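Please look through the sequence and the structure below, and then follow the explanation from the overall fold to single side chains.

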Amino acid sequence: MKQFFSDLREVWQYRALLYMLVVRDLKARYRGSVLGIAWSYFQPLGMMLALTFAFSVISSGSPTIERYSVFVLSGLLVWNFFSASVTGGAGSVVGNAGLVKKVYFPRLVLPIAVVIANLVNFLFALLMWLTIAIVVGHPIKPTVLFLPAAIALQVIFSVGVAFLLSTLNVFYRDTQFILELALLALFFLTPIWYDIDSVPQREVGLWLRRLNPVASLVNIYQDLMYWGRLTDWDFVLRTLATALGVLVIGYLIFRRYSPRFGEEL
């Protein structure tokens, strides 16, 4: 624990580098783009429209959820934040091989910078959700005031996963390809376009949330943003315990193997 706070202080000492990496990531993502950061609005908006059309128009079993587009978007934004964070985090060390081999700095900065850059995109996208909710007449409940706590929970979890995957990717370059397949499967197991409480087999829904931390995060956001209710505290505490556990494991593995990054890259 003492070492963790020592590393945290060192990351803070290199906050100028962290800021530079976040800005660089945001600029690189939209370099050459006409719309620039507006894509943080249009990408989830396009997916929302596609999912809404598929399940409200094409599918014979159209959803019974009112203002379905608002419901879908509340989960989709969370998923995009997570998937972009872990995908970018996995390649954060390998993608900065030249920097890692030439300059000393706390390597923890690299995956953290990726998560923060995606957090910025997520915050912009939340404004889009708010706008759409108002336009379609969805009531904005006071529970949205608890969103910072949900965001903090997701950042903790995402940073932990990014630590773990970035380490694996240094030694096993297949990690990036396996991750793509894993995210595809995870997308369909996460209640983005369906209410997990409506799953026919209640036990299946329970195990989806227990075994899929992303489903738990999406559930918390949907409660706050769409349903206007607070998630049960025991559920939140279990999700927090999972997020902290992933952060600790990811940090320990990253710190143990980071001295070997230079020779492996």
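A residue counts as buried when its relative accessible area is under 20%, with a 1.4 Å probe and protein chains only. By that criterion, 47% of the 265 residues of the protein are buried, and it should be kept in mind throughout that the model is a predicted one.

The secondary structure amounts to twelve helices and zero strands, so the pattern read along the sequence is α-α-α-α-α-α-α-α-α-α-α-α. As for how the chain is connected in space, contacts between residues at least 6 apart in sequence can be considered, and 80% of these join residues that are at least 24 apart.

The interior can be approached through its nonpolar part. In soluble globular proteins, nonpolar side chains tend to be buried together. Here the largest nonpolar core has 70 residues, and L77, F122, F163 and Y221 are those with the most contacts inside it. At least two residues of this core are supplied by each of α2 (15-30), α4 (68-90), α6, α7 (147-171), α8 (175-188), α10 (213-227) and α11 (233-257), while the largest share, 14 residues, comes from α6.

Helix α6 itself covers residues 109-135, and its 27 residues reach 40 Å from the first C-alpha to the last, which is close to the 39 Å expected at 1.5 Å a residue. After α6 comes G137, whose phi is positive, near 85 degrees.

Aromatic side chains give a second view of the packing, since a search of the whole structure finds 17 aromatic pairs. In one of them, the rings of F4 and F5 have their centres 5.5 Å apart and their planes at 75 degrees, and because planes over 60 degrees apart count as edge-to-face, this pair is assigned to that class. Both partners count as partly exposed, F4 because its relative accessibility is 26% and F5 because its value is 41%. The rings of W79 and F82, by contrast, have their centres 6.0 Å apart and their planes at 50 degrees, so this pair is tilted. W79 and F82 are three residues apart in helix α4, and therefore about one helical turn separates them; W79 is buried, and F82 is buried as well. These two residues also belong to one aromatic cluster, which they form with F157, F187 and F188.

What is the nearest side chain of opposite charge to the buried E10, and how far away is it? E10 lies in helix α1 (residues 2-13), and the side chain in question is R255, at 7.0 Å. A salt bridge requires a side-chain nitrogen of Lys or Arg within 4 Å of a carboxyl oxygen of Asp or Glu, and E10, although buried, has no salt bridge. Leaving aside neighbours within four places in sequence, E10 is in contact with Y104 and P106.

R173 offers a last stop, placed in the loop between α7 and α8. With a relative accessibility of 41%, R173 counts as partly exposed. Although R173 and G91 are 82 residues apart in sequence, their C-alpha atoms are 9.3 Å apart in space. Once neighbours within four places in sequence are set aside, R173 is in contact with V94, E264 and L265.

Conventions. Residues numbered from 1 in each chain as written. Heavy atoms only, no water. Helix = DSSP H or I, 4+ residues; strand = E, 2+ residues; numbered from the N terminus. Buried < 20%, exposed > 50% of the residue type's maximum accessible area, 1.4 Å probe, protein only. Lys, Arg positive; Asp, Glu negative; His and termini not counted. Contact = heavy atoms within 4.5 Å. Expected span 1.5 Å × (residues − 1). Core = buried A, V, L, I, M, F, W, Y, C linked by side-chain atoms within 4.5 Å. Phe/Tyr/Trp six-rings, centres within 6.5 Å; stacked < 30°, edge-to-face > 60°.
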